[in-house]
Amino acid sequence: MASSPEPAAQRLHVITGASAGMGGACVDALASRGDLVVAVARRGDVLVERFGTTENVAIVAADIGDSRGRQAIIDAIAAHPGPITSIIHGAATAVALEPWTTLDPDQLTAHFHVHVASAVALTGALHRTVGVERCVLFDSYSATNPRVGWSAYSILKAASQMAFRAAAAELSDVAIIRAFPGAVGTPLLDRVLDAPRTIEATAVYHELNDTDRVSTPEEIAEQLLAILDRSSDELRATDTWTIGHPA
């Protein structure tokens with residue numbers, strides 16, 4: 001009598017910045033369709049309040065820039081067979097909208113730690129220990145188009161983009177997905193719209209907001225899930241994906 005095939009492993013995702021915004025929306029969307037999700041953020045109380053009763057969600061309160069935080073994530077997925085389906089980098093910081101001449105090097109370094117170094121460190125740790133099939137970075141056109149009066153953000157997004165373009169070139173077994181979400185209704189957009197209109201970079205966002213072309217985090221999550229469901233070969237062939245409304 002032939003033995004029955006082993007059931008396929010349930011899909012598992014690690015999402016940073018999971019307490020709010022696009023990260024939180026991705027947790028909701030993936031968990032609601034039955035996938036397993038490790039929701040990571042520094043504020044554990046917010047994670048518990050939002051996902052404490054959600055099935056399929058494991059909460060990890062951790063700083064991904066700290067080796068102990070990364071180990072806590074690895075420990076949370078230790079029992080899962082095979083590589084994780086995706087890691088979605090949603091962690092971010094409140095980057096000041098200011099010109100190049102007033103950049104604070106200490107603040108820039110702190111932002112770099114979260115936006116770039118920590119994301120690289122976590123991706124590397126998961127790749128080495130359990131394996132990663134897909135890696136999602138929320139990219140920005142500001143990375144390649146410096147916007148006057150918004151230098152800190154452009155510098156950070158450029159560094160983050162190159163970090164994962166380099167990963168795409170070297171990690172042949174990982175599909176690196178650079179998703180460009182455009183204008184999304186998050187606290188970052190609120191700060192942009194509150195900034196003086198004399199800052200050139202805010203003009204396009206005011207136009208998108210005035211014409212109802214601002215996406216919700218939930219809309220972005222839905223579009224991102226459709227991308228994640230594509231084949232690995234297709235994802236590796238196209239590393240940049242536009243979702244939402246281009247900004």
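User: What is the order of the seven strands in the open sheet?

Analyst: The model considered here is a predicted one. Its open sheet is built from seven strands with parallel pairing. Read across the sheet, the order is β3-β2-β1-β4-β5-β6-β7.

User: Which strands stand at the edges of this sheet?

Analyst: An edge strand has a single partner strand, so one side of it is left without a neighbour in the sheet. This applies to two strands, β3 (57-61) and β7 (240-245).

User: By how many degrees are neighbouring strands of this sheet turned against each other on average?

Analyst: The direction of the strands is ignored for this value. On average, neighbouring strands are turned against each other by 20°.

User: Over how many bridges do β1 and β2 pair, and which residue in β2 stands opposite His13?

Analyst: Strand β1 covers residues 12-16 and strand β2 covers residues 36-41. The two pair in the parallel sense over five bridges. Thr16 stands opposite Val40 in β2. The residue in β2 opposite His13 is Val37.

User: Which residue in β3 is the bridge partner of Val38?

Analyst: β2 and β3 pair in the parallel sense, over five bridges. Within β3, the bridge partner of Val38 is Ala58.

User: What handedness has the β-α-β unit made by β1, α1 and β2?

Analyst: Helix α1 (residues 21-32) packs on the sheet and touches several strands, including β1 and β2. The direction of α1 makes about 160° with that of β1. β2, helix α2 (residues 44-51) and β3 also make a β-α-β unit, which is right-handed. The unit of β1, α1 and β2 is right-handed.

User: What angle does the direction of helix α4 make with that of β4?

Analyst: Helix α4 comprises residues 105-129 and packs on the sheet. The strands that α4 touches are β1, β4 and β5. With the direction of β4, that of α4 makes an angle of about 175°.

User: How many residues of β2 are buried?

Analyst: Buried here means under 20% relative accessible area. By that criterion β2 is mostly covered. Of its six residues, the number buried is five.

User: How far apart are the end C-alpha atoms of helix α5?

Analyst: Helix α5 (residues 151-170) has 20 residues, and at 1.5 Å a residue these should span 28 Å. The distance in the model agrees with this expectation: the end C-alpha atoms are apart by 29 Å.

User: What covers the buried residues of α5?

Analyst: The buried residues of α5 include Tyr153, Leu156 and Phe164. Among the elements that cover the buried residues of this helix are β4, α4, β5, β6 and α6 (187-194).

Definitions and conventions
Residues numbered from 1 in each chain as written. Predicted model: local features only at pLDDT ≥ 70, side-chain atom pairs only at ≥ 80, totals over all residues. Heavy atoms only, no water. Pairing = 2+ DSSP bridges. Helix = DSSP H or I, 4+ residues; strand = E, 2+ residues; numbered from the N terminus. Axes fitted to C-alpha atoms, helices over the stretch in contact; angles between N-to-C directions. Contact = heavy atoms within 4.5 Å. Expected span 1.5 Å × (residues − 1). Buried < 20%, exposed > 50% of the residue type's maximum accessible area, 1.4 Å probe, protein only. Right-handed = clockwise from strand over helix to strand, strands pointing away.
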